[in-house]
Amino acid sequence: MNGALKRMSSWEEEEDCCKWEGVVCHPTTRHVVKLKLSERIQQHHRGQVHEINSSLLALTELNHLDLSYNYFYNVPFPKFIVHFKKLKYLNLSSSFFTGSIPLEFRNLTKLRYLDLDAALDYGQQHIDNLDWLTNLSSLKHLDISRLPLTNLTDWLLPSSLQGSLNALIMRDCDLKAIPVSSSNVNFTSLEILDIYGNNFNSTFPQWVWNVSSLTHLDLGSSGFYGTIPEAIGGLTSLTYLDLSNNSNVKGAIPRSITHLQRLELLSLQGNRLSGSLASWIVHLTSLTLADLCDNTLNGSIPTGIGKLSNLTSLYLCGNQLQGSVSEVHFENLTRLEDLDLSYNNLKISFDPNWVPPYQLASVQLMRCEIGPEIPRWLQLQTRIQILDLSDNQIAGTLPSWLWNLSSSTLQFLYLSSNQIKGKLPTFSEVSRLQELRLDTNQLEGHLDDFFSYNDSSTPVESPTQSDVVLLSLANNFLEGGIPLSICNWTRLLFLHLSNNSLTREIPYCLGESLKELETLNLACNHLFGEIPRTIGFMKKLGRLALNNNGFSGQLPSSLQNCTNLFYLDLAYNAFAGSLPAWMGESLQRLQVLHLGFNNFSGNIPQQLTQLEELEILNLSNNSFSGSLPFCMGNFTAMALTSQYWYTNRNGLFSTTKGHYIHGTPYSHYVDLVISTKGQNLHYPYDSELTKSLDFSGNSLIGEIPRGIGRLKGLHNLNLARNHLSGRIPEEIGEMESLESLDLSVNELSGNIPNSLANLNFLSYINLSYNNLVGRIPSGHQLQTLNDTSSYMGNPGLCGPPLSIECSVDPTVHEVHKMKDFEWIWLFIPMMVGFVMGFWTFCGFLFFKTEWRYAYFRGIDSYYDRILLQLHLCLARLNRQD
């Protein structure tokens, strides 16, 4: 035995293998019957490669084998396991073997517990059938989560296996089909059914509501649609019910749900459920957790909710609930720990002197009309870890007791979008804060004060290891520079200081110290100088926003080391020089590149077209010259009409309770300005909003490449104010998603292509001030775009929306009409020259006698030669006859 087995140090110290750690022997025969070799979620073991071989076959009496969490990457599935005929327990979860599960696996007929969750590397091979489970009629617990079952069309287990199972778990298998009717389904003793995270695109299966033995049912995030049936009331043994995140499940919550008197956990969040709470929730007195966030529930919160005395977590955020919420609702909820009422139409009006009967760990009351003061009852809560009072019209200064609270237990404090005034508070040395959002308030002061703390009365340098990972002070009135002491906050992942009045340069130490930083937003300040080359140390940096400042110089070459960048906005600065080719070669993950309103010059490098994930490219208002990149059609993401890239942008994160905090502290607002539809529009960064290509306001020449038609997913194309020439390519009509097209102020000629009429989503077009001729295309969406200014400066155009009518042959007619005046001016000098030359010649003949005689003698001589030649030709013809 070697590899995973030899890693146990005690095995080398003891001669008796029954004393080895993880080895259990039979008390009489001393045969090894159990191997417990799990590497339970040890982060330092991730990616560790172990070995396993057939020497285990010597353990003929083995009935229990646990190799979970060993991460056997690139190690084939151990097929010799099928020879352990006495196995009752087998756990290979999170092993990530390669290959497939052999058909002989069905010979392990004594198996009662089988856990193959992520036993195979998902990217290696797909499983086409479950025949290897056929004979396992003794199985009680089956977990095949995260196995690659994408190609599986029929996953219904054999009837003999159905009858024995107590637990069936198939999470995140990418299953596409599920039997809906109850025929061929016979789960007579099933207690746990968990098929979370699949893609069924189906109504809820009818047979589920007939399995009355169920205690745990999870159908979340699996693409179900329709309504929750009344038959759910028959599952009276349920203690756990999760139907969350099936966004097309709608309608009222059935009244029969009140029959589920044993229900402890209920998660219905992320659907489109409607109706009121009063008729059902007050009857579920066993509830400990209720998550109904992100639905369309209405009405008021019933005061009877206080009857749920076992409740520890109540999440009602993101609905349409209304009315007033007072201490009456919560005075009996003595076990309450987590409360989220955010984003409704509620007004929280607790008595200021009220003493809550509970100690909360999480308080989320965004947009609940709490202001103008922070509720005083919160200072009696000594266990709060998460406090979110954003967007509540809280005014005045921050109370001192709030910082005492943060020094004890508070880890996440969000007070964004209020009217909090006063000086920026001094950060406490003993603070436990990990995330702090004070953005969009009216705070004043210098950052130097914040990044230091007071020990007695003397300011000293801030702690070298702050626990803060997120800091947002954006949209305030902060002044001064970014202090060097910020470089001590080495655990920062997100730093947002945009929209203030900060000055001076970026500290040189920032890049060297904050190597974990993923988002840096310093936009809309008065910062200047060059980007320090130490930025190349930030290899985890994903978002960098330095727009709307006074930065200058060239882009540092070290920026190419930030290979995780997907968002880069340097617009509205004074950067100069050429655009480096490495930007398209090294920054392969870029999705947004905004370099507009700078002083960049030279040609646009062809390497930019290698950025396959790029969706927004803005190089406008610089001094770029040369032609457009001829491979513009290679922008892969712009060619796609669907969204499929990227990291998760919703920014939700899980608490220790497993609930997702809404308010997205990890999906920070980044203001992206896009020139589209004739105006500058502000977008919160989200790749699903728009795809844009903007080269306007440069000195580009040449023709528009025909390959641009391949960008079928592009929403905005702006090439205005350049020196582009030639015809508008017919292929532009293939850009089926195009909403805004601006080609104005160029030197384009020829007809407007009729293919533009095929663009069904086009809502803005500007072709003004070119040399376009002919009839303006009509039909479909173009018919609705009747602004004449879109075509002005093209005197050769005719037809609606212009008042100029077209002739039968509009192109020829308009060309002649345009050129008549030019022909007149061309004809006049020709005629004048001819007349002057003719009369000059005649004058010489009149006054010069010898010239006159010579001229007429020459004519007589040529005349005689012509007559002689005619005479000779006639003589030859006569001789031939």
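In the predicted model, S498 contacts A474, N475, N521, L522, A523, C524 and N525, leaving aside residues up to four places away in sequence. This serine lies in the loop that links β33 (494–496) to β34. S498 is classed as buried because its relative accessibility is 6%, below the 20% limit. One of its contacts, A523, belongs to a separate nonpolar core of eight residues, which also includes F566, L672 and I674.

Strand β34, at the end of this loop, takes part in an open sheet of three strands ordered β28-β32-β34, in which pairing is parallel. The edges of the sheet are formed by β28 (444–446) and β34 (501–502), each of which pairs on one side only. Strand β32, spanning residues 477–480, runs parallel to β34 and is joined to that strand by two bridges. Across this pair, G480 is placed opposite L502 of β34.

A parallel pairing is also found between β19 (residues 320–325) and β21, here over four bridges. G323 stands opposite L346 in β21. The two faces of β21, which covers residues 345–348, differ in their cover: L346 and I348 make up the covered face, whereas N345 and K347 lie on the uncovered one.

The largest nonpolar core comprises 221 residues, and F330, L341 and M583 have the most contacts inside it. Two or more residues of this core come from each of the strands β1 (23–25), β2 (32–36), β19 and β21, and from each of the helices α3 (400–406), α4 (447–450), α5 (509–513) and α6 (582–586). Helix α3 provides the largest share, four residues. With residues up to four places away in sequence not counted, F330 touches L314, V325, L336, L339, L341, F350, W354, P357 and Y358. Among these, L341 is itself one of the residues with the most contacts inside the core.

Over the whole protein chain, nine helices and 55 strands are assigned. The chain has 881 residues, of which 51% count as buried. Of the contacts between residues at least 6 apart in sequence, 58% join residues at least 24 apart. The exposed area of the protein chain is about 39,300 Å², and 50% of this area is supplied by carbon and sulfur atoms.

Methods:
Residues are numbered from 1 along each chain as its sequence is written. This is a predicted model: local features need pLDDT of at least 70, side-chain atom pairs count only at pLDDT 80 or more; totals for chains, interfaces and linings use all residues. Side-chain values use heavy atoms; hydrogens and water are left out. Buried means under 20% relative accessible area, exposed over 50%, partly exposed in between (1.4 Å probe, protein chains only). Two strands pair if DSSP finds at least two bridges between them. A nonpolar core is a set of buried Ala, Val, Leu, Ile, Met, Phe, Trp, Tyr and Cys residues joined through side-chain atoms within 4.5 Å. Contact means heavy atoms within 4.5 Å. Accessible areas come from the Shrake-Rupley method with a 1.4 Å probe; for residues, only the protein chains shown count as cover.
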